Amino acid sequence: MHLLLIDGLNLIRRIHAAIPIEGADGVNAAVDASVHRINRLMQQFQPTHAVCCFDGPELSWRHLEYPDYKAGRKPMPQELRDALPGFREQFSHIGLASLAMATVEADDLAATLATKMLQHGGHVTLVSTDKGFGQLLCQPEADRLCLWDAFGRREVNAQSISERFGVLPERLLDYWS
């Protein structure tokens, strides 16, 4: 089994930010570009299963513990936020399931699914530019894990993490602390 996991908002927000059209036309273009990118990923990786993870609708435990969590992040444009159900609908038409849990962030959901799949002998391709996923490369099963940067069109591995941060994946938490 091969699971393709996509960090939904990571993909959608980056694609939307790259589109020079504003308003509803920009959102529609982002939907089309996202579907196109996902189709390319499906063809490239040929997964047996595919899931797009989204943040849950309620505040996560991180927000509750630290109210300033993500305070420095640029807020999502409202027209893009309003269009998220349409993205999910279009994704379902091409065979990509969408998954969100009430108080769980997409990265936690994706990391959990990846870990469980690896522990059960499967292969995982996780598509995101979120540097936090580098920690997954510490698992004994990491030889069946591909972290994929869809925008750089490259695999993120222990060597690229070491080159970027100066530490191996198992030291990332210490580095960020």
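# Exercises: cysteines, charges and loops

Cys 52 is buried, at a relative accessible area of 0%. Keep in mind that this is a predicted model, then work through the tasks below.

## Exercise 1: the cysteine pair

Task: work out how many disulfides a search of the whole structure finds, and why Cys 52 and Cys 53 do or don't bond.

Solution.

1. Start with what we're looking for: a disulfide is a covalent bond between the sulfur atoms of two cysteines.
2. Set the cut-off: the two sulfur atoms have to be within 2.5 Å.
3. Check Cys 52. Its closest cysteine sulfur belongs to Cys 53 and sits 6.9 Å away, so that's too far for a bond.
4. Turn it around. For Cys 53, the closest cysteine sulfur is the one in Cys 52, again at 6.9 Å and too far.
5. Look at burial as well: Cys 53 counts as buried because its relative accessibility is 0%, and Cys 52 has 0% too.
6. Final tally: the whole structure has 0 disulfides.

## Exercise 2: the surroundings of Glu 105

Task: find where Glu 105 lies, say whether it's buried or exposed, and list what it touches.

Solution.

1. Place it first: Glu 105 is in the loop that runs between strand E3 (97–99) and helix H5 (106–119).
2. Now accessibility. Buried means under 20%, and Glu 105 comes in at 4%, so it counts as buried.
3. Collect the contacts. Leaving out residues up to four places away in sequence, Glu 105 touches Asp 55, Ser 60, Arg 62, His 63, Tyr 69 and Lys 70.
4. Pick out a polar one: the side chains of Glu 105 and Ser 60 make a polar contact at 2.9 Å.

## Exercise 3: following the salt bridges

Task: trace the salt bridges of Arg 62 to Glu 105 and Asp 108, and say which parts they tie together.

Solution.

1. Get the total: the search turns up 5 salt bridges in the whole structure.
2. Take Glu 105 and Arg 62. Their side chains form a salt bridge at 3.9 Å, N to O, which passes the 4 Å cut-off.
3. Ask what that links. Arg 62 is in helix H3 and Glu 105 in the loop between E3 and H5, so the pair ties together parts 43 residues apart in sequence.
4. Check burial: Glu 105 and Arg 62 are both buried.
5. Go on to Asp 108. Arg 62 forms a salt bridge with Asp 108 too, with the closest N and O atoms 2.5 Å apart.
6. Locate the ends: Arg 62 is in helix H3 and Asp 108 in helix H5, so this pair ties together parts 46 residues apart in sequence.
7. Try another pair, Asp 174 and Arg 171: they form a salt bridge, and the closest N and O atoms are 3.0 Å apart. Asp 174 is partly exposed at 47%, and Arg 171 is partly exposed at 48%.
8. Join things up: salt bridges with shared partners put Arg 62, Lys 70, Glu 105 and Asp 108 into one network.

## Exercise 4: positive phi

Task: for Lys 70 and Arg 153, give phi and find which loop each lies in.

Solution.

1. Lys 70 has a phi near 65°, a positive value in a residue other than glycine.
2. Its loop lies between helix H3 (61–65) and helix H4 (78–93).
3. At 29% relative accessibility, Lys 70 counts as partly exposed.
4. Arg 153 has a phi near 50°, also positive and also in a non-glycine residue.
5. Arg 153 is in the loop between strand E5 (145–149) and strand E6 (154–156).

Notes:
Residues are numbered from 1 along each chain as its sequence is written. This is a predicted model: local features need pLDDT of at least 70, side-chain atom pairs count only at pLDDT 80 or more; totals for chains, interfaces and linings use all residues. Side-chain values use heavy atoms; hydrogens and water are left out. Helices (H or I, at least four residues) and strands (E, at least two) are DSSP runs, numbered from the N terminus. Buried means under 20% relative accessible area, exposed over 50%, partly exposed in between (1.4 Å probe, protein chains only). A polar contact is a pair of N or O atoms within 3.5 Å; within protein, one must be able to donate a hydrogen and the other to accept it, and residues adjacent in sequence count only if both atoms are side-chain atoms. Contact means heavy atoms within 4.5 Å.
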